[in-house]
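Biologist: Before we begin, please display the model under discussion. I should then like to put several questions about its architecture.

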Amino acid sequence: MKEITTKTYLKWFRDMFFWRKFEDKCRSLYLKKKIRGFLHLYNGQEAVPAGLTHAMDMSKDKIITAYRCHILPISMGVDPKKIMAELFGKKTGTSHGMGGSMHIFSKEHRFYGGHGIVGGQIPLGAGIAFADKYFNRDSVTITLMGDGAVRQGSLHETFNMAMIWKLPVVFICENNKYAMGTSIKRSSNVEDIYKIGLAYRMPSYSVDGMDPEKIAKATSIAIERARNGKGSTFLDIKTYRFRGHSMSDSESYRTKHEVSFYKKNDPILKLKYFILKNKWETIEKLNVIENKVKKDIDYCVEFAEKSDYPSLDEMYDVVYNEKNYPFIDKELKFSN
């Protein structure tokens, strides 16, 4: 793994603070009806992409995830103003304004979604890894899911195949303790989610999801194993989301006291305290970083506001009509 230095911690602070404020701005814009549809915020989980991207080889490794997907592509290098434009439904967005919040993609940066079907990305992540192995590409795919997706049958099929074929894929559960509004205790007989991987003889571990260094170290070991042809690993990264499942969530399933308790372990505040404690930077310099971040986010909003919506003709460009369906009898008549 790349060495973790003072510069690493300062980069983590800047990135994680940016991601938090970016999502805070998205929430504000949603309330103003500038962003429509669904909006699933990442607040509290920022240590995960910080640790992952430090462990990954950003020139070739890949990420696929679920629909809480604004921050991960930014961590992969996608221009945040294009993410904001996509949330606005503008043609300058990552999917030309036609994907929206849950379907952020960037082939250039090897970020493959953004998937609205719960658990739908799990077999797709294994499929990407299968292709890399088939074509002898030295790449690893990080496949993320929420704790609710772990209850999907597709996970078990995928884990089994991944181990049989020794696929270069790292499975990660971003375990924020709630599947929408249902706690693990109410939905799973196995509360220690990492143990599910053990049934397939897959190396499986629990990781502190509020510490980017611990995430980087655990992920680095898993990536090295996958890249060396030894197969998959399952990491149960225990984190917590500070906001609701989505903007429509009233959060009646948890108390304010519980949220306040977990906010004491805020990964950004812990990082800031650690930097100041070690005298790696002054509070004045960190304040300068924070002010710069806020201006950068305002620029993202300005870019999205000034961008055009896709035309009606462009919307039809992403829908195709195939006259010659190779798998359907051409003579078949659909009639009453």
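**Helix packing, sheet and cores**

Biologist: At what angle do the axes of helix α11 and helix α12 cross?

Modeller: This is a predicted model. Helix α11 spans residues 267-277 and helix α12 residues 283-306, and their axes come within 10 Å. The axes cross at roughly 145°.

Biologist: Which residues of α12 make the contact with α11?

Modeller: On the α11 side, the contribution comes from Lys272, Ile275 and Leu276. The residues of this contact divide into 4 nonpolar, 1 polar and 2 charged. From α12, the participants are Ile283, Leu286, Asn287 and Glu290.

Biologist: Is Asp15 buried or exposed?

Modeller: Asp15 belongs to helix α1, residues 6-31. Its side chain forms a polar contact of 2.6 Å with the side chain of Lys11. Because its relative accessibility is 13%, and the limit is under 20%, Asp15 counts as buried.

Biologist: Which strands are the edge strands of the open sheet?

Modeller: The sheet has 5 strands with parallel pairing, in the order β1-β2-β3-β7-β6. An edge strand here pairs on one side only. The edge strands are therefore β1 (62-64) and β6 (204-208).

Biologist: By what angle are neighbouring strands of this sheet turned against each other on average?

Modeller: One neighbouring pair is β6 and β7 (residues 233-238), which are joined in the parallel sense over 5 bridges. In that region, Asp208 stands opposite Lys238 of β7. Averaged over neighbouring strands of the sheet, with direction ignored, the angle is 25°.

Biologist: What angle does the direction of helix α2 make with that of β2?

Modeller: Helix α2 (residues 47-55) packs on the sheet and touches β1, β2 (141-146), β3 (169-175) and β7. Helix α6 (residues 153-165) lies across β2, β3 and β7, at about 150° to β3. For α2 relative to β2, the angle is about 165°.

Biologist: Which helix supplies the largest share of the largest nonpolar core?

Modeller: That core has 60 residues, and those with the most contacts inside it are Phe22, Leu52, Ile63, Met84 and Ile142. The largest share amounts to 11 residues, and it comes from α1.

Biologist: With which residues is Met84 in contact, leaving aside its neighbours within four places in sequence?

Modeller: Met84 is one of the residues with the most contacts inside the largest nonpolar core. A second, separate core of 19 residues includes Ala149, Val150, Leu155 and Met202. The contacts of Met84 are Phe22, Lys25, Cys26, Leu29, Cys300, Val301 and Ala304.

Note on methods:
Residues are numbered from 1 along each chain as its sequence is written. This is a predicted model: local features need pLDDT of at least 70, side-chain atom pairs count only at pLDDT 80 or more; totals for chains, interfaces and linings use all residues. Side-chain values use heavy atoms; hydrogens and water are left out. Axes are lines fitted to C-alpha atoms, for helices over the stretch in contact, and angles run from 0 to 180 degrees between N-to-C directions. Helices (H or I, at least four residues) and strands (E, at least two) are DSSP runs, numbered from the N terminus. Contact means heavy atoms within 4.5 Å. Ala, Val, Leu, Ile, Met, Phe, Trp, Tyr, Cys and Pro count as nonpolar, Asp, Glu, Lys and Arg as charged, and the others, Gly among them, as polar. Buried means under 20% relative accessible area, exposed over 50%, partly exposed in between (1.4 Å probe, protein chains only). A polar contact is a pair of N or O atoms within 3.5 Å; within protein, one must be able to donate a hydrogen and the other to accept it, and residues adjacent in sequence count only if both atoms are side-chain atoms. Two strands pair if DSSP finds at least two bridges between them. A nonpolar core is a set of buried Ala, Val, Leu, Ile, Met, Phe, Trp, Tyr and Cys residues joined through side-chain atoms within 4.5 Å.
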